[in-house]
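Here is a short report on one protein chain. It starts with the whole fold and then turns to single sites.

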Amino acid sequence: QVIKCKAAVLWELNKPFSIEEVEVAPPKAHEVRIKILATGICRSDDHVINGALVMPFPIILGHEAAGVVESVGEGVTSVQPGDKVIPLFVPQCGECNSCISTKGNLCTKSDFGAPSGLMADGTTRFTCKGKAIYHFIGTSTFTEYTVVHETAVAKIPAAAPLEKVCLIGCGFSTGYGAAVQTAKVEPGSTCAVFGLGGVGLSVVMGCKAAGASRIIAVDINKDKFAKAKELGATDCINPKDFTKPIHEVLMEMTGLGVDYSFEVIGLTETMTAALASCHFNYGVSVIVGVPPATKKITFDPMLLFSGRSWKGSVFGGWKSKDAVPKLVADYLEKKFVLDPLITHTLPFNKINEGFDLLRQGK
């Protein structure tokens, strides 16, 4: 059956979301239709609105969510109707090079790189006012019902509170994993985290969980500092308080630079600053924030020649289908907290207000 439901449709660039009635087609073979019960707002969604992340329009955004399986297509074995699930914007097909390798997690079936905004068969499951609506990175969670491929959904424990664990669908896992999975922060190390939004705070939590002795949080919004300290930051610094470049400040604070630095904003200037602030010989800098389209980086190659490593991290380096159920189980065992990452809870029809709060740094 086609389901008619509410969705937040983005018709064009730099416009607010429009709450519309959409038709959601039934799942085809190896697809799953999910009733979305909670979704988070992520900066990556906002990047699409302002064109920093290029996607086809009109589109239903959203990629950090949790819900319940409504129906499944032919051949689906890993979930059944009634299961609590988290959609995965990085799928795990289990067959491609990245899935098979112990070193990778960015499945080649993901809709990154050259996004089509379509399902695997080249069509969409969403229609509104007679028009086809594109999917967003295989998830599209700003809708009461969505359809995802079976490789892009993880069954989670029935006890999980969906309004909290939806954050494991992106923000928390991305940040926490960047520290424990991508960088592999060791006990006693020093870390710097650029950007203290939900993902940056999750990096702070990951560094703390890994036993870092010093975690320096960097943000131009000092309102973020109290929460960063609560979650494990040992120092908080505002680049606006200094006349010299921030990497020089971090060098002075640590002697020769931090062992690990993380850029969790998505600006090329802070990416190079984070690289320059880690140890000249064995420092590791991780890019976690989504880079803006069309921007290029110019930097002194001596920064890398001396031995530093520059890495990227998508979804925290986790193999999604394997890791998400384990992370939810860890949350239920109180191995980490999610409440401090939730600042506001709004009804679906106030989604535009939610984005305003994001842009105001609140």
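What follows covers the overall build, the cysteines, one helix and three single residues.

**Overall build**

This is a predicted model. The chain holds eleven helices and 15 strands. Its C-alpha trace spans about 65 × 40 × 35 Å along the principal axes. The radius of gyration is 20 Å; a compact globule of 362 residues would come near 21 Å, so the chain agrees with that expectation.

Burial is the next point. Of the 362 residues, 52% count as buried. The chain exposes about 15,800 Å². Carbon and sulfur atoms supply 55% of that area.

Contacts reach far along the sequence. Take the contacts between residues at least 6 apart: 71% of them join residues at least 24 apart.

Charge comes next. The chain has 36 positive and 35 negative charges. Their mean positions are 1 Å apart.

**Cysteines**

How many disulfides does the count give? The count comes to zero. A disulfide is a covalent bond between the sulfur atoms of two cysteines. C191 is in no disulfide, and the nearest cysteine sulfur, that of C207, is 3.6 Å away. C207 is likewise in no disulfide, with the sulfur of C191 as the nearest cysteine sulfur at 3.6 Å. The cut-off for a disulfide is 2.5 Å between the sulfur atoms, so the 3.6 Å between C191 and C207 does not qualify. C191 has a relative accessibility of 0%, so C191 counts as buried. C207 is buried too, with a relative accessible area of 0%.

**Helix α8**

Helix α8 runs over residues 268-276 and is mostly covered. Eight of its nine residues are buried. Among them are T268, M271, L275 and A276. The others include T270, T272, A273 and A274.

What covers these buried residues? The cover includes both helices and strands. Helices α7 (246-254) and α9 (302-305) contribute. So do strands β10 (190-194), β13 (260-263), β14 (284-287) and β15 (309-312).

**Three single residues**

The table sets three residues side by side.

| Residue | Location | Relative accessible area | State |
|---|---|---|---|
| S173 | helix α4 (171-183) | 0% | buried |
| K326 | helix α10 (320-332) | 55% | exposed |
| K109 | loop between α2 (97-100) and β6 (126-128) | 53% | exposed |

S173 sits in helix α4. Is S173 buried or exposed? At a relative accessible area of 0%, S173 is buried, because the cut-off for buried is under 20%. Neighbours within four places in sequence are left aside here. Beyond them, S173 is in contact with L167, I168, A178, F315, G316, W318 and L327.

K326 belongs to helix α10. Its relative accessibility is 55%, so K326 counts as exposed, the cut-off being over 50%. K326 and P157 are 169 residues apart along the chain. Their C-alpha atoms are separated by 9.3 Å.

K109 lies in a loop, between α2 and β6. K109 is exposed, with a relative accessible area of 53%. Leaving aside neighbours within four places in sequence, K109 is in contact with P91 and C93. V90 is 19 residues from K109 in sequence. From C-alpha to C-alpha, K109 and V90 are 8.3 Å apart.

Notes. Residues numbered from 1 in each chain as written. Predicted model: local features only at pLDDT ≥ 70, side-chain atom pairs only at ≥ 80, totals over all residues. Heavy atoms only, no water. Helix = DSSP H or I, 4+ residues; strand = E, 2+ residues; numbered from the N terminus. Rg over C-alpha atoms; globule rule 2.2 N^0.38 Å. Buried < 20%, exposed > 50% of the residue type's maximum accessible area, 1.4 Å probe, protein only. Contact = heavy atoms within 4.5 Å. Areas by Shrake-Rupley, 256 points an atom, 1.4 Å probe, with all protein chains shown as cover. Lys, Arg positive; Asp, Glu negative; His and termini not counted. Charge placed at Lys NZ, Arg CZ, Asp CG, Glu CD.
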